[in-house]
Amino acid sequence: MQYDAKTPEEYLKLLEDDWRKEKLLAIRKTILEYAPELEETIQYKMLNYGSVEKDDYIFALNAQKHYVSLYVGSIEKIDPSRELLSDFNLGKGC
């Protein structure tokens, strides 16, 4: 789904209070705890994490209609051997 939000705070307010919001907030909390140097912004109508100054985004997070996606662009960033994520449904860039 796409959310017309200008800030991460607006994005979070637009999410329905269901299991998707719960999962997205849990993933977001982990990101912010383990990578506090990453900036959280809105790009392509979803949460993005990276460096605004360098225009370098590492990944994006979004609540879709039936699932929550973490878009990394290339799975090799996360799991080059593909062992860690073998049980997950991996789509294009997510």
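Select Tyr-11 to begin. Setting aside its neighbours within four places in sequence, Tyr-11 is in contact with Tyr-3, Ala-5, Leu-24, Ile-42, Lys-45, Met-46, Leu-47, Leu-61, Asn-62 and Ala-63. Keep in mind that the model on screen is predicted.

Next, show the core around this residue. The largest nonpolar core has 16 residues, and Tyr-11 is among those with the most contacts inside it, along with Leu-15, Leu-24, Leu-47 and Tyr-49. Which elements give two or more residues to this core? They are helix H1 (8–14), helix H2 (19–34), S2 and S3. Colour S3 separately, since the largest share of the core, three residues, comes from that strand.

Now switch to a cartoon view of the whole chain. Two helices and four strands make up its secondary structure. Followed along the sequence, the pattern reads α-α-β-β-β-β.

Select residues 46–51 and 56–63 together. These are strands S2 and S3, which run antiparallel and are joined by five bridges. Find Leu-47, listed above among the core residues with the most contacts. Which residue in S3 is the bridge partner of Leu-47? The partner is Leu-61. Both Leu-47 and Leu-61 also appear in the list of contacts of Tyr-11.

Move to the turn of this hairpin. Four residues lie between strands S2 and S3, and Asp-55 takes a positive phi near 50° there.

Keep S3 selected and add residues 68–71. This is strand S4, which runs antiparallel to S3 and is joined to S3 by four bridges. To see one pairing, pick Ala-60: its bridge partner in S4 is Tyr-71. S3 and S4 form a hairpin as well, with four residues between them.

Go back to helix H2 and select Lys-23, which is found in that helix. Is Lys-23 buried, partly exposed or exposed? Its relative accessible area is 44%, so Lys-23 counts as partly exposed, the class between under 20% for buried and over 50% for exposed. Then add Tyr-67 to the selection. Lys-23 and Tyr-67 are 44 residues apart in sequence, and their C-alpha atoms are 9.2 Å apart in space.

Finish with the whole chain and its surface. Of its 94 residues, 35% count as buried. The accessible surface comes to about 6,700 Å², and 52% of that belongs to carbon and sulfur atoms. Among contacts in the chain with a separation of 6 or more, 34% are between residues 24 or more positions apart.

Definitions and conventions: Residues numbered from 1 in each chain as written. Predicted model: local features only at pLDDT ≥ 70, side-chain atom pairs only at ≥ 80, totals over all residues. Heavy atoms only, no water. Pairing = 2+ DSSP bridges. Core = buried A, V, L, I, M, F, W, Y, C linked by side-chain atoms within 4.5 Å. Buried < 20%, exposed > 50% of the residue type's maximum accessible area, 1.4 Å probe, protein only. Contact = heavy atoms within 4.5 Å. Areas by Shrake-Rupley, 256 points an atom, 1.4 Å probe, with all protein chains shown as cover.
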